[in-house]
Amino acid sequence: MKYDTIIVGAGSAGCVLACRLSEDPKHSLLLVEAGPDYPDEALLPPEIRNGCRPAFTHDWGYRSEPGALGRTIALSRARLVGGCSATNGAMALRGAPQDYDEWAAGGNPGWAFADVLPFFRRLENDADFADRWHGRDGPLPIRRDPPHALLPEHRAFLQACTAAGFPAVADHNAPTAIGAGVLPLPRLKPPVANMISSGSSSVSSTSIRSAHGFFYPSARARSLLVASLTLTP
Ligand SMILES: Cc1cc2nc3c(=O)[nH]c(=O)nc-3n(C[C@H](O)[C@H](O)[C@H](O)COP(=O)(O)OP(=O)(O)OC[C@H]3O[C@@H](n4cnc5c(N)ncnc54)[C@H](O)[C@@H]3O)c2cc1C
């Protein structure tokens with residue numbers, strides 16, 4: 001069989017690409033993934049649903065080279081449809097503007113912060129901020145835990161940061177944000193008070209990940225997905 005496009009890896013980027021490219025009914029597409037596919041969020045194994053730590057049951061098992069003390073560390077890389085977006089912390093945190101500007105200055109046109117900002121805006125539906133830095137119409141819902149939803153240890157941490165002289169930051173995606181504050185997270189609904197922490201809130205079924213947030217059922221039907229390939233190492 002022949003395809004217009006073959007995407008190897010149905011990870012964070014692969015799912016989005018498959019979803020967008022398959023919108024053209026004349027464009028044939030093969031999406032290949034080495035790991036398993038859980039087409040319904042309800043089918044996700046508990047360790048994938050629990051986003052507090054990398055899910056090593058669905059991981060390539062890479063380790064670093066030994067460091068100066070001879071130790072290696074796990075370099076987690078997910079192996080399933082959704083890729084690392086299925087196992088990561090799901091923070092919707094942009095990079096620092098000066099980093100993008102450095103990339104552009106280093107010979108990568110189109111990567112300056114002013115160039116990428118319109119794409120961040122197109123991606124986002126920010127429930128907390130509506131200004132020139134944030135999008136309101138995109139497919140990715142973004143929220144920050146309100147003060148009443150923070151756990152006591154979070155409040156204590158933020159108070160300690162303030163006492164140590166770090167400015168309070170209401171929005172870590174603002175270009176000037178330096179200091180301490182709650183993280184922006186991709187979530188459909190506001191959190192339930194004291195039920196979920198900033199870190200673990202991404203595990204709730206209301207969070208958005210590539211496989212389920214972008215690789216909609218309609219896109220699955222459009223793309224020919226081949227999962228669970230047997231690969232030789
Ligand atoms: C533990 C962890 C926490 C993170 N937390 C955050 C966070 O909170 N917020 C954030 O924005 N980013 C976070 N990241 C980073 C983010 O998840 C990655 O940068 C992003 O997912 C990379 O996307 P990708 O499409 O390049 O690769 P991946 O999402 O890794 O997708 C690659 C896919 O290709 C498949 N594949 C690889 N080789 C083959 C092959 N030969 N044949 C077939 N399939 C293959 C893999 O199985 C995988 O599914 C985190 C990353 C990790 C590991």
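These exercises cover the ligand site and two sheets of a predicted model.

Residues are numbered from 1 along each chain as its sequence is written. In this predicted model local features need pLDDT of at least 70, side-chain atom pairs count only at pLDDT 80 or more, totals for chains, interfaces and linings use all residues, and side-chain values use heavy atoms, with hydrogens and water left out.

**Exercise 1. Describe the shell around the ligand.**

Step 1. Count the residues near the ligand (one heavy atom within 4 Å of it). There are 23. The closest are Ser-12, Ala-13, Glu-33, Asn-88 and Met-91.

Step 2. Sort the shell by class. Ala, Val, Leu, Ile, Met, Phe, Trp, Tyr, Cys and Pro count as nonpolar; Asp, Glu, Lys and Arg as charged; the others, Gly among them, as polar. The result is 12 nonpolar, 8 polar and 3 charged residues.

**Exercise 2. Find polar partners of the ligand, then its buried share.**

Step 1. Look for polar contacts (pairs of N or O atoms within 3.5 Å). The side chain of Ser-12 has an N or O atom 2.5 Å from a ligand oxygen. For the side chain of Trp-60 the distance to a ligand oxygen is 3.2 Å. Cys-84 uses a backbone N or O atom, 2.9 Å from an oxygen of the ligand.

Step 2. Turn to area (Shrake-Rupley method, 1.4 Å probe). The ligand taken alone exposes 1000 Å², and the protein buries 65% of that.

**Exercise 3. Work out the sheet that contains S1.**

Step 1. Set the terms. Strands are DSSP E runs of at least two residues, helices are H or I runs of at least four, and both are numbered from the N terminus. Two strands pair if DSSP finds at least two bridges between them.

Step 2. Order the strands. The open sheet runs S1-S2-S6 with parallel pairing. Its edges are S1 (5–8) and S6 (224–226), each pairing on one side only.

Step 3. Check one pair. S1 and S2 (residues 29–32) share 4 bridges in the parallel sense. Ile-6 stands opposite Leu-30 in S2.

Step 4. Add the helix. Angles run from 0 to 180 degrees between N-to-C directions of axes fitted to C-alpha atoms, for helices over the stretch in contact. H1 (residues 12–21) lies across S1 and S2, at about 160° to S1.

**Exercise 4. Do likewise for the sheet that contains S4.**

Step 1. This open sheet has 3 strands, ordered S3-S4-S5, with mixed pairing.

Step 2. S3 and S4 (residues 140–144) pair in the parallel sense over 3 bridges. Glu-124 stands opposite Leu-140 in S4.

Notes: Near = heavy atom within 4 Å. Polar contact = N/O pair within 3.5 Å; in protein donor to acceptor, adjacent residues only side chain to side chain. Contact = heavy atoms within 4.5 Å.
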